[in-house]
Amino acid sequence: MLAFALRRLLVSVPILILSTFLVFLMVSLSANPLDPLITRNPPPPPQTIAAEAHRLHLDQPLLERYWNWITGIFHGDFGPSVNSTMDIGHEILSRFGVTFRLIFLAMIIALILAIVVGAVSAVKQYSKLDYTATFFGFLFLSMPAFWLAVLLKQAGISINNNTGGQVFYTIGASSIYVQGGFWAHLGDVLGHMILPTISLALISYASWSRFQRGSMLEVLNSDYVRLARAKGLPRGVVMRRHALRNALIPLTTVTALDLASIISGAVVTEKVFQWQGAGSFLLDAISQSDVYAVEAWLLISATFVILFNLVADLLYGVLDPRIRHA
């Protein structure tokens with residue numbers, strides 16, 4: 001298993017480097033970070049423009065700029081930002097800390113709902129519960145992430161207005177001033193996470209529950225499940241140890257592959273609820289043609305996706321011993 005993990009990591013490294021280079025190339029050729037300075041009225045002196053170009057390494061060839069950036073990462077240097085007062089490394093790590101807590105909680109909620117609803121729907125196929133779960137699954141599946149986020153935000157605002165109190169937090173990842181100690185601060189953070197987490201979790205749950213239902217149905221009709229029933233094993237044991245465990249293997253793959261779309265969904269969700277997370281960091285960097293900031297965002301998110309897929313591969317061996325022994 002350790003050798004398998006090392007091989008996967010070695011294969012992932014060139015993929016990560018190639019993806020960062022392609023994005024670096026596209027962002028560098030799409031816009032000029034000096035345009036806001038050049039188009040200023042009155043225009044600044046040529047010496048000022050040349051100094052800014054030198055600070056941003058724009059006076060170097062493209063390949064040299066990329067090489068200096070990729071080697072500087074090992075020393076903790078993510079490159080210069082268009083905003084001269086911002087340290088890209090420090091800023092993006094703090095922003096991703098905000099975003100990852102949203103993604104992590106949303107994935108946990110979506111997985112629990114998908115496994116429970118998908119398994120129960122498969123066991124009770126064509127029942128009222130199955131039809132109800134199918135209806136809501138396709139309902140949330142058809143909703144764009146930003147639209148669902150806007151609906152939940154407006155619903156929270158309406159509830160707050162009707163009750164005359166702060167039932168739901170609709171803006172920001174936390175309050176500016178929170179009186180009290182650790183628990184008061186934790187409660188404030190969790191309160192701000194309710195609506196964004198629900199928005200992000202429902203979109204993922206919709207597709208995962210349908211996939212879990214189909215996988216569970218396939219397993220329930222397999223020969224080894226019928227054999228386990230014929231041997232007289234209790235129904236609960238058959239469902240947990242034979243059916244559900246094997247049905248989780250395809251869902252593990254889908255969850256790992258969907259992580260990139262969950263991150264992109266978090267970008268939109270953060271924009272709707274005005275979170276200062278990695279999503280707003282990326283959008284600001286793109287609007288300012290901040291090449292090194294965009295690259296830093298891609299590097300961290302791509303690394304997270306690769307590691308999550310590696311964990312999913314290792315989980316195969318836990319769910320199915322045949323994979324581990326092979």
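This is a short talk about the pockets, cavities and one helix contact in the structure above.

Hi everyone, and thanks for coming. A word of care before we start: what you see is a predicted model.

Let me begin with the record. The unreviewed UniProt entry gives a feature "domain: ABC transmembrane type-1" at residues 96–316. In the model, that span is 82% helix and 0% strand, with 28 Å between its end C-alpha atoms. The same kind of annotation, "transmembrane region", comes from the unreviewed UniProt entry for several spans, including residues 12–31 and 102–123. How do those two look in the model? Residues 12–31 are 95% helix and 0% strand, and their end C-alpha atoms are 29 Å apart. For residues 102–123 the helix content is 100%, with 0% strand, and the end C-alpha atoms lie 32 Å apart.

Now to the empty space. Rolling a probe the size of a water molecule over the atoms shows where such space is left. The largest pocket holds about 330 Å³. It has 13 lining residues, and those closest to its centre are Val13, Leu16, Phe74, Leu299 and Thr303. Which helices supply at least two residues of that lining? They are H1, residues 2–30, and H13, residues 291–319. H1 gives the most, with 6 residues. As for chemistry, the lining of this largest pocket counts 10 nonpolar and 3 polar residues, and no charged ones.

The second largest pocket comes to about 230 Å³. Two or more of its lining residues come from each of H5 (88–123), H10 (235–257) and H13. If you want to find the place on screen, look for lining residues including Leu111, Ile115, Leu248, Thr252, Phe308 and Leu315. Here H13 gives the most, with 6 residues. Charged residues are absent from this lining too, which has 10 nonpolar and 2 polar residues.

Next, the cavities. How many are there of 30 Å³ or more? The count is 2. The largest cavity has a volume of about 60 Å³. Among the residues lining it are Pro33, Leu56, Arg65, Pro80, Asp290 and Tyr292. By class, that lining splits into 7 nonpolar, 2 polar and 2 charged residues.

The second largest cavity is about 40 Å³. Around it sit Val117, Gly118, Ser121, Ala133, Tyr205, Ser209, Arg210 and Arg213. Both H5 and H8, the helix at 182–220, supply at least two of these residues, and H8 has the largest share, with 4. The classes here are 3 nonpolar, 3 polar and 2 charged.

Last stop: a pair of helices. Two packed helices are described by the angle between their axes and the distance between the axes. For H11, residues 259–273, and H12, residues 278–287, the angle is about 90° and the axes are 7 Å apart. Why do we call them roughly perpendicular? Angles of 65 to 115 degrees count that way, and H11 and H12 are therefore roughly perpendicular to each other. On the H11 side, the contact is made by Val267, Glu270 and Lys271, which meet Ala278, Gly279, Ser280 and Leu283 of H12. Those contact residues divide into 3 nonpolar, 2 polar and 2 charged.

That's my tour. To recap one point, H13 supplies at least two lining residues to the largest pocket and 6 to the second largest pocket. Thanks for listening!

Conventions. Residues numbered from 1 in each chain as written. Predicted model: local features only at pLDDT ≥ 70, side-chain atom pairs only at ≥ 80, totals over all residues. Heavy atoms only, no water. 1 Å grid on protein atoms, 1.4 Å probe; cavity = no way out; pocket = protein on both sides within 12 Å on 5 of 7 lines; lining within 4 Å. Points joined across faces, edges and corners; volume = space filled by probe spheres on them. Nonpolar A, V, L, I, M, F, W, Y, C, P; charged D, E, K, R; others polar. Axes fitted to C-alpha atoms, helices over the stretch in contact; angles between N-to-C directions. Parallel < 35°, antiparallel > 145°, perpendicular 65-115°, else oblique. Contact = heavy atoms within 4.5 Å. UniProt positions renumbered as here; feature names shortened; annotations may be inferred.
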